[in-house]
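Open the model in your viewer and keep the selection panel at hand. Each stop below says what to select and what is there.

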Amino acid sequence: MRAEAVSPAIAGLDPEQSAAVLAPRGPVCVLAGAGTGKTRTITHRIAHLVAGGHVAAGQVLAVTFTSRAAGEMRHRLAALGATAAAPDLGQVQARTFHAAALRQLRYFWPQVVGDVPWQLLDRKYPVVSQAARLAGLSNAADNVRDLASEIEWAKASLVAPEDYAAAVARHRRTPPVAAAKVEAVYAGYEQLKNGSAGVLLDFDDLLLHTAAALEGHPAVAEEFRDRYRSFVVDEYQDVTPLQQRVLDAWLGDRDDLTVVGDANQTIYSFTGASPHQLLNFSRRFPEATVVRLERDYRSTPQVVTLANRVIDAARGRIAGTRLKLVGQRPPGPEPVFAEYPDEPAEAAAVAEAVSGLIDSGVAAAEIAVLFRVNAQSEAYEQALTERAIAYQVRGGETFFHRTEVRQAVEALRRTATRDDLPEVAGAGLVSLVTAVLVPLGLTKDEPAGDRARERRAALAALVQLTEDLLGVFPDLDLAGLLRELAARADARHPPTVQGVTLASLHAAKGLEWDAVFLVGLADGTLPIAHVLQDGAVDEAGLEEERRLLYVGVTRARVHLRLSWALARGENVRKTRRRSRFLQGLVPDSSPASRIAAPEPVGRRRPGCRVCGAPLLDAKSTLLGRCVGCVVEVDPDLFAALQQWRQDTARDLKMPAFVVFSDNTLTAIAEQQPLDERALVAIPGIGATKLSRFGADVVRIVTKHQNRR
Ligand code: ATP
Ligand code: MG
């Protein structure tokens, strides 16, 4: 133990983590749950191998599944290098499978293929589209995207075009169009890439060619294996057969491989990923050091208890490998469960709670709202906007920027300019909007492809929005609706690194926040409808949905709030029930079962200060008047406020609009608040902003008034 105690590589690690770090060169497998320090362990193992002279830093290849994770790994290694005995740790190659393969192929291509030029095909849709047309299929955008995803799955699963139909049957997979058609498109796509001017390689080809170069060319393999001697893979439960083939080619008959993963966080099966390799590691390498970690360093015991209960209910082989997590952090608040009558009420309550957390000192960047499908983000974008809380959508575009939403708004705009339609206002508006959106993909039944489903959900969200607005403005017409949509789109904050994170559960993997809101936890959303359809529940699909909830719960360090709504919109009959995964988890004592929702902001909007008309959109709510109603603003005061905002933003190193948005600044200049009460009456100014900036603002306004 003495020798271990002096090794800087295990400083700050527990005994099991240390065992994985100090294991002799050779196969090591860390099988452990969320937040147990897997990622931390592998960086320390690399440091140990390098510092001990077992391998040179430049001979280590660490693979991750996203470039963000690779960047994080490089960062952590560099930090360790600065403190540990191996200052050259920065030379460790930390890359995604694709980036590593791209680099290697560039180097080996001339030796393996010769003069044939190749190019990376980073936009494959045009080629898939052409292949679809040649196969007699529609090349509508969604169809092409779904076909492209299907080809990606086949290649990641090492399935050639001619084997596709059989593989689909074997995997019980539902193809987006008939299997024979997918096969034709796949074969056509592969052919089209081999043009006369050279070869186009997509991302999966990079992996295939790299593996083939090493498998078929001993000289290449020898040179490579001399260069790289030690391999590390994070999130190994997500490896696809194609990536595994590359890894095997890298290794040859060597076994210097460290893998870490959690089978219970497998959430990418639809791309061909499988925990099979992780779970069979010690069968393949019987001499492997296998370490299990149970201590959870990320979350409070309260969050850990809930995580354990969620995954306890899982069934099947993967579930059999789970370990009970033991929370290591000091206790924190109990997770909160909350039920709402409808989605707008749920979103309003979440925004209110987010605002409360920020007021109590939690940084906005340490808060995340996580949902199952991207279409859910609209309600939360709007609710946060109404409270002037900055946010960013991770791994996706904000609602009004998505292609299908832009197309839909454009179609509604065209409809509004037609003069052959009768005036429609009130209840008829929903039918009109629906009629316009049906041809864009708002199908009655759930379509087959993922992309088509996503599109349908976004269009349905627009119809829902129309219904909700009619609840507030019963006489709304199409022109009014378009004005509201435009105002909402305009009011959205630009992306920022300081804001609250909105993300899908898939995009949240591996990340952590102080506060996490898991929203929309209704049956049909999580688990998602298509695993429940046709009376026959897709058990494997259902288990993957359960793992998504587990991933969500385990992202929270301290605050965790789970919520669901009984209906989609305010005017829809209550037809939903809370997710089956929460069965038995909501304590009887929880007030959550029926929490009074705060009034949505739209409902308690005061009228315009100038003309008294109801305030329709976020911008006018912030201003406290219609956008068109003119209020005199003293240019000197406005300039003084702007100067102050600029100075403050510079001092705090944050964008100016995070201090106050333009609208809030305008509202201050117009309303000239002289005390705190008048200040908080302006939307966008909560307790945090009041305590940080209130005195400054009141001082500027007072000084200005005294001068006049
Ligand atoms: P996931 O399964 O979500 O990827 P993980 O197992 O990779 O999680 P890490 O991200 O490595 O977990 O660690 C989770 C958190 O716990 C991090 O903030 C990390 O710094 C901290 N942590 C890990 N090990 C220890 C330890 N021995 N002592 C203190 N903190 C630790
Ligand atoms: Mg990790």
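**Stop 1: Gln302**

Select Gln302, in helix α15, which spans residues 301–312. This is a predicted model. Gln302 counts as buried because its relative accessible area is 16%, and the cut-off for buried is under 20%. Now show its side chain. It reaches the backbone nitrogen of Gly332 at 3.0 Å. Which residues is Gln302 in contact with, leaving aside neighbours within four places in sequence? They are Pro331, Gly332, Pro333, Glu334 and Pro335.

**Stop 2: the whole chain**

Zoom out. The protein chain has 28 helices and 17 strands. Its C-alpha atoms fill a box of roughly 80 × 70 × 55 Å along the principal axes. The radius of gyration is 28 Å; a compact globule of 708 residues would have one near 27 Å, so the two agree.

Colour by burial next. Buried residues account for 54% of the 708. Turn on the surface: the accessible area is about 30,800 Å², and carbon and sulfur atoms hold 52% of that. Then think about contacts between residues at least 6 apart in sequence: 77% of these join residues at least 24 apart.

**Stop 3: helix α19**

Select residues 428–437, helix α19. Show Leu429, Val430, Leu432, Val433, Val436 and Leu437, which are buried. Look down the axis of α19: these buried residues fall within an arc of 165°, so they line one face of the helix. An α-helix has 3.6 residues a turn, so residues three or four places apart point the same way.

**Stop 4: Thr466**

Stay with that helix and add Thr466. What does Thr466 touch, beyond neighbours within four places in sequence? Its contacts are Leu429, Val430, Val433 and Leu481. Leu429, Val430 and Val433 are among the buried residues of α19. Thr466 itself sits in helix α20, residues 450–472. Is Thr466 buried or exposed? With 1% relative accessibility, Thr466 counts as buried. A polar atom of the Thr466 side chain lies 2.9 Å from the backbone oxygen of Leu462.

**Stop 5: Pro176**

Select Pro176 in the loop between α8 (164–170) and α9 (179–193). Then select Ala452. The two are 276 residues apart in sequence, yet their C-alpha atoms are 9.3 Å apart in space. Beyond neighbours within four places in sequence, Pro176 is in contact with Asp146, Glu150, Val182, Ala448 and Gly449.

**Stop 6: helix α12**

Move to residues 241–251, helix α12. How many of the eleven residues are buried? Eight are, and the helix is mostly covered. Show them as sticks: Leu242, Gln243, Gln244, Val246, Leu247, Ala249, Trp250 and Leu251. Both glutamines, Gln243 and Gln244, are on that buried list. Step past the end of α12 to Gly252, where phi is positive, near 65°.

**Stop 7: salt bridges**

The model has 30 salt bridges. Three pairs are worth a selection.

Begin with Arg295 and Glu16. Their side chains meet in a salt bridge, 2.6 Å from N to O. Arg295 is in strand β10 (residues 295–296) and Glu16 in helix α2 (residues 15–22), so the pair ties together parts 279 residues apart in sequence. Arg295 counts as partly exposed, at 27% relative accessibility. Glu16 is partly exposed too, at 30%.

Next, select Glu352 and Arg387. Their closest N and O atoms are 3.1 Å apart, in a salt bridge. The pair links distant parts of the chain, 35 residues apart: Glu352 is in helix α16 (residues 343–359), and Arg387 is in the loop between α17 (377–386) and β14 (391–393). Are the partners buried or exposed? Glu352 is partly exposed, with a relative accessible area of 34%. Arg387 is buried, at 13%.

End with a network. Select Lys155, Glu190, Lys193, Asp202 and Asp205, which are joined by salt bridges that share partners. Within this group, Asp202 and Lys193 form a salt bridge, with their closest N and O atoms 4.0 Å apart. Both Asp202 and Lys193 are buried.

Methods:
Residues are numbered from 1 along each chain as its sequence is written. Chains are lettered from A and ligands numbered from 1 in the order in which they are written. Side-chain values use heavy atoms; hydrogens and water are left out. Buried means under 20% relative accessible area, exposed over 50%, partly exposed in between (1.4 Å probe, protein chains only). Helices (H or I, at least four residues) and strands (E, at least two) are DSSP runs, numbered from the N terminus. The arc is that of the directions from the helix axis to the C-beta atoms. The radius of gyration is taken over C-alpha atoms; the globule rule is 2.2 Å times the number of residues to the power 0.38. Contact means heavy atoms within 4.5 Å. Accessible areas come from the Shrake-Rupley method with a 1.4 Å probe; for residues, only the protein chains shown count as cover. A polar contact is a pair of N or O atoms within 3.5 Å; within protein, one must be able to donate a hydrogen and the other to accept it, and residues adjacent in sequence count only if both atoms are side-chain atoms.
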